[in-house]
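Work through the following exercises with the structure open. Each task is followed by a solution in steps.

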Amino acid sequence: MESNVMNALRSCPLFAGMSEIGIELTLGNVTHQLVSLPSHEVYALAGMPCKYVDIVVSGNLICRMAALSGKQVEVSRLRSGNMVAPAFIFSKDRSLPVSVETDGKVQLFRMRPEELKRLIDMDEAIRMNFIRILSNIDVFLTQKMKILSLFTVREKVAYLLMECAGEQGSNEVHLERSRQEIADSFGIQKFSLLRVLSDFEKEGAIEIDGRNIKILDRRKMLK
């Protein structure tokens, strides 16, 4: 198996705690393939069924949800090691709530749902990993609902910056989305987002350089 594929699988939560040899031996029992998609290819439209078990090997997939106005709001980006819509693979209604498009060239590791079921039936580690994936999705959605419904605009922006810092492993974060896209994802006005960022900078909590933001004092954002 190619090294980039193995690296993606080892970083995928489905194979957490498994060695390279273990992954190879396990996957030898099921049918799988590599799928390449060109840049700006539509992977799926909202409402289409989840047909495959796909794991991103390289490139990014952008997931967008349509508002009632028709505006497309980016809700997440899937990177190497991420599974695509794991909660919908075995659901009664497999209709995806988001549209998914490639951001640059994307390579996927693909199985059919029945092949994943075979792995779950055969391997206790994979079975528990998949249960954990679904549990973490539930926790994530609960947290997201709390943020959207209970947090103030200031708290939402502080949460965003600290979440980015955690993901990027640095207090100097790069925002991949535009200010408008970020505001849309939180259901707030762009002006409100800009005002909070300006307040944070005036208070000495952050430094702003375009899409690059350096967190100077987290306590000042949370006061």
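**Exercise 1. Salt bridges across the chain**

Task: Find which residue pairs with Arg64 in a salt bridge, and place both partners in the secondary structure.

Solution: The model is predicted, and side-chain atom pairs count only at pLDDT 80 or more.
- Step 1. The side chain of Arg64 meets that of Glu101, with an N to O distance of 3.3 Å. This lies within the 4 Å cut-off for a salt bridge.
- Step 2. Arg64 belongs to strand S3 (residues 53–66), and Glu101 belongs to strand S5 (residues 99–111). The two residues are 37 residues apart, so the pair links distant parts of the chain.
- Step 3. Over the whole structure, a search finds 12 salt bridges.

**Exercise 2. The two domains**

Task: Describe how domain 1 and domain 2 are placed, and what lies between them.

Solution:
- Step 1. The domain assignment gives residues 3–143 to domain 1 and residues 151–222 to domain 2.
- Step 2. Taken over C-alpha atoms, the domain centres are separated by 29 Å.
- Step 3. Domain 1 brings 6 residues to the contact, and domain 2 brings 7 residues.
- Step 4. About 600 Å² is buried between domain 1 and domain 2, and carbon and sulfur atoms give 41% of that area.
- Step 5. On the domain 1 side, Val73, Glu74 and Gln143 supply 56% of the area buried against domain 2, more than any other three residues.
- Step 6. The count of salt bridges between the two domains is 2.

Task: Give the distance between the closest N and O atoms in the salt bridge of Glu176 and Arg77.

Solution: The closest N and O atoms of Glu176 and Arg77 are 3.7 Å apart, which is within the 4 Å limit.

**Exercise 3. The second largest pocket**

Task: Characterise the second largest pocket by its volume and its lining.

Solution:
- Step 1. The space in this pocket is about 170 Å³.
- Step 2. The pocket is lined by 13 residues, and the closest to its centre are Tyr43, Ala44, Met48, Pro49 and Tyr52.
- Step 3. Strand S2 (residues 42–44) gives the most to the lining, with 3 residues.
- Step 4. Sorted by class, the lining holds 10 nonpolar and 3 charged residues, and no polar ones.

Methods. Residues are numbered from 1 along each chain as its sequence is written. This is a predicted model: local features need pLDDT of at least 70, side-chain atom pairs count only at pLDDT 80 or more; totals for chains, interfaces and linings use all residues. Side-chain values use heavy atoms; hydrogens and water are left out. On a 1 Å grid over the protein atoms alone, a cavity is a set of points where a 1.4 Å probe fits but cannot get out, and a pocket is an open set with protein on both sides within 12 Å along at least five of seven lines; lining residues have an atom within 4 Å of a point. Grid points are joined across faces, edges and corners, and a volume is the space filled by probe spheres set on the points. Helices (H or I, at least four residues) and strands (E, at least two) are DSSP runs, numbered from the N terminus. Ala, Val, Leu, Ile, Met, Phe, Trp, Tyr, Cys and Pro count as nonpolar, Asp, Glu, Lys and Arg as charged, and the others, Gly among them, as polar. Domain bounds come from an automatic or database domain assignment. Contact means heavy atoms within 4.5 Å. Buried area is the accessible area (1.4 Å probe) that two parts lose on being put together, summed over both.
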